[in-house]
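Work through the exercises below with the sequence and the model open. Each task is followed by a solution in steps.

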Amino acid sequence: MAAVVEQPAKVRLITDAPQPGCLSVTLRYDSADPLAVRIAFPAEVSRDDGEVVWAFARELLEAGLLAPSGDGDVRIWPCGRAQTMLEFHSADGVALTQFDTAVLRRFLRLTHQTVPAGEERYPLRAKRGLDRLLHNT
């Protein structure tokens with residue numbers, strides 16, 4: 001059975017408005033799709049009144065906490081010691097968001113407790129079966 005990690009987070013939406021807007025989002029990780037993380041934005045930022053979900057590589061999020069990363073639809077970079085910027089590109093435009101780095105690190109730690117780094121490509125059931133075969137347990 002797949003394990004799911006969900007963590008609520010606050011994000012600042014960076015715009016040309018005098019004050020940045022704050023949104024509640026949900027960070028998601030599903031062990032059934034172990035290479036990806038998702039960020040679900042509320043319907044209030046959608047053109048069609050539905051939740052907006054961005055999926056991208058867990059490795060990209062990890063790399064972006066340390067140095068500018070990504071050259072496609074999702075770009076991530078550290079902003080000082082305590083903030084991380086995530087930039088999302090679509091046909092409708094660009095959204096720039098700012099997360100507390102501690103929140104993203106905590107989320108990644110939970111995902112690694114669910115599926116450790118390096119084990120993403122092997123379903124847990126197959127890995128256990130292989131371990132039993134190789135170790136006679």
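**Exercise 1. Is Phe88 buried or exposed, and how is the ring of Phe88 oriented to that of Phe41?**

Solution. The model is a predicted one. Step 1: Phe88 has a relative accessible area of 2%. Buried means under 20%, so Phe88 is buried. Step 2: the relative accessible area of Phe41 is 6%, so Phe41 is buried as well. Step 3: three aromatic pairs are present in the structure. In the pair of Phe41 and Phe88, the ring centres are 5.5 Å apart and the planes stand at 80°. Planes over 60 degrees apart count as edge-to-face, so this pair is edge-to-face. Step 4: Phe41 belongs to strand 3 and Phe88 to strand 6, so the pair ties together parts 47 residues apart in sequence. Step 5: ring pairs join Phe41, Trp54, Phe56 and Phe88 into a cluster.

**Exercise 2. Describe the largest nonpolar core and the surroundings of Phe99.**

Solution. Step 1: the largest nonpolar core consists of 25 residues. Ile39, Phe56 and Phe99 have the most contacts inside this core. Step 2: at least two core residues come from each of strand 1, strand 2, strand 3, strand 4, helix 1 (58-64), strand 5 (74-79), strand 6 (83-90) and helix 2. Step 3: with residues up to four places away in sequence left out, the residues that Phe99 touches include Ala9, Val11, Val25, Leu27, Ile39, Leu86 and Leu104. Lys10, Gln83 and Thr84 are also among the residues touched by Phe99.

**Exercise 3. Find the salt bridges and place them in the fold.**

Solution. Step 1: the count of salt bridges is four. Step 2: one of them joins Arg12 and Asp100, with the closest N and O atoms 3.1 Å apart. Arg12 is in strand 1 (residues 4-14) and Asp100 in strand 7 (residues 93-100), so this bridge ties together parts 88 residues apart in sequence. Arg12, at 22% relative accessibility, is partly exposed, and Asp100, at 29%, is partly exposed too. Step 3: Arg28 and Glu51 form a salt bridge with an N to O distance of 3.3 Å. Arg28 lies in strand 2 (residues 21-30), while Glu51 lies in the loop between strand 3 (36-41) and strand 4 (52-57), 23 residues apart. The relative accessibility is 23% for Arg28 and 47% for Glu51; Arg28 counts as partly exposed, as does Glu51. Step 4: Arg38 and Asp33 meet in a salt bridge at 2.8 Å, N to O. Arg38 is partly exposed at 26%, and Asp33 is partly exposed at 31%. Step 5: shared partners link Glu6, Arg28 and Glu51 into one salt-bridge network.

**Exercise 4. Which residues is Thr111 in contact with, leaving aside its neighbours within four places in sequence?**

Solution. Step 1: Thr111 is located in helix 2 (residues 101-114). Step 2: the relative accessibility of Thr111 is 0%, so Thr111 counts as buried. Step 3: once neighbours within four places in sequence are set aside, Thr111 is in contact with Tyr29 and Arg58. Step 4: the contact with Arg58 includes a polar contact between the two side chains, at 3.1 Å. Step 5: a polar atom of the Thr111 side chain also lies 2.7 Å from the backbone oxygen of Leu108.

Technical notes
Residues are numbered from 1 along each chain as its sequence is written. This is a predicted model: local features need pLDDT of at least 70, side-chain atom pairs count only at pLDDT 80 or more; totals for chains, interfaces and linings use all residues. Side-chain values use heavy atoms; hydrogens and water are left out. A salt bridge is a side-chain nitrogen of Lys or Arg within 4 Å of a carboxyl oxygen of Asp or Glu. Helices (H or I, at least four residues) and strands (E, at least two) are DSSP runs, numbered from the N terminus. Buried means under 20% relative accessible area, exposed over 50%, partly exposed in between (1.4 Å probe, protein chains only). A polar contact is a pair of N or O atoms within 3.5 Å; within protein, one must be able to donate a hydrogen and the other to accept it, and residues adjacent in sequence count only if both atoms are side-chain atoms. Contact means heavy atoms within 4.5 Å. A nonpolar core is a set of buried Ala, Val, Leu, Ile, Met, Phe, Trp, Tyr and Cys residues joined through side-chain atoms within 4.5 Å. Rings of Phe, Tyr and Trp (its six-membered ring) pair if their centres lie within 6.5 Å; planes under 30 degrees apart count as stacked, over 60 as edge-to-face and the rest as tilted.
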